[in-house]
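Dear colleague,

I am handing over the structure below, and after it you will find an account of what was found. Please read the text with the structure open beside you.

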Amino acid sequence: MTKKLCVVLKADHVIGTGHLMRVKGLLQPLIGAGFTPYLITDSLEDSLLPICTEYKEIFYFKSGDPEGFASLVRTLAPDITLFDHYFIGREFESAIENLTKIAVIDDLEREHDCALLTDSGFFKTGDEYKGKVPKSCRLLCGERYSLIRDGFSEIAKKRPYRARLRVLINYGGADPAHACLKALTSVIKGRIYEKYDFIVLSGISNPDHEKLSDLAKEIPQIEVIRNSLKVPEIFTRCDMAMGALGGMFKERMCAGLPALNTVIADNQKGGEALVEKLKCGLSLSLEDLCHPERVAKALSALEGDLAFYRQNGMRFIEGRGIGLVSRAIIELAL
């Protein structure tokens, strides 16, 4: 089967790299099934091009121009167009409904004109989209459809025992809230590195990478890494984490890596209540990250119930979502 897939998303310093990375996990099985992917974007930073190598070609459109977008799709003539874009929806989908089959990744419970929609939000049932999508739309809703990249579900089995625990610090690819810098500054000011080792994973679009490297260069207990496609390997080296409530939140759960979770973007609001409900870790505010004593206290509390939080996270996220969603997309093209 040779098929053409167009992916529509945004990835920049404002929205971050979450959409780009969760679709990236889907591309491998789809390419294996005979799809050739093309990327259509209204905003993609040049620094992200090295992680877009799966796409045969990249095309650009104006976010306020559904007719121009439809013209581009008509020229490409894809079998399936996959949207993962928070800022465009039904208007753009309706403009191409007669040109291609449409699949959507969303978690905002918006209106869509599509044949397939997946929303991996916790406790979603599909009822949230009644009256918002066509009656014929196939809905894949709930955490079992989380797009967890390969390698994360096996991490807990590979993690060795360490008498001195290691903490991962990562707040996504762009980190617009400068959370990495806030957290590392507190770790150093509070000398928390005397109790724990740290890996700071600085995202590819993180504006503070040089500052992070300079802060840690004289402290052997702190390692700073600039982006990596080997995130599962980094997770295996760590026992706890400090991170955002974006795409890597579920990857940490799947990997059995309990975290101090922080809301760093508007679409993560309410995340603290979710963490409490799932009992998969603890929460810290951005303000808390600026206070070394609060960070140290929270890490100690997380360590105290580490096994409990680890088991809860893995119970909710098993890591099979990419297989389920990719099969549904393949079936859509038949």
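In this model, which is predicted, Val7 stands opposite Leu39 in strand 2. Val7 belongs to the pairing of strand 1 (residues 3-9) with strand 2 (residues 35-41), two strands that run parallel and are joined by six bridges. As a general background, the strands of a sheet pair through backbone hydrogen bonds, either parallel or antiparallel.

These strands are part of an open sheet of seven strands, whose order is 3-2-1-4-5-6-7 and whose pairing is parallel. Strand 3 (58-60) and strand 7 (138-141) are the edge strands, each of which pairs on one side only, and from one strand to the next the twist averages 20°.

Two helices can be placed against these strands. Helix 1 (residues 18-32) packs on the sheet and touches strand 1, strand 2, strand 4 (80-84) and strand 5 (101-105), with a direction at about 175° to that of strand 1. Helix 13 (residues 321-333) lies across several strands, including strand 6 (116-119) and strand 7, and runs at about 170° to strand 7.

Further along the chain, strand 11 (residues 240-244) and strand 12 run parallel and are joined by four bridges, with Ala241 having Ala259 as its bridge partner in strand 12. Between these two strands the chain passes through helix 8 (residues 247-254), in a β-α-β crossover that is right-handed. Ala259 also stands opposite Gly281 in strand 13, and strand 12, helix 9 (residues 271-278) and strand 13 again make a right-handed β-α-β unit.

With best wishes

Technical notes
Residues are numbered from 1 along each chain as its sequence is written. This is a predicted model: local features need pLDDT of at least 70, side-chain atom pairs count only at pLDDT 80 or more; totals for chains, interfaces and linings use all residues. Side-chain values use heavy atoms; hydrogens and water are left out. Two strands pair if DSSP finds at least two bridges between them. A crossover is right-handed if, with the strands pointing away from the viewer, the path from the first strand over the helix to the second runs clockwise. Axes are lines fitted to C-alpha atoms, for helices over the stretch in contact, and angles run from 0 to 180 degrees between N-to-C directions. Contact means heavy atoms within 4.5 Å.
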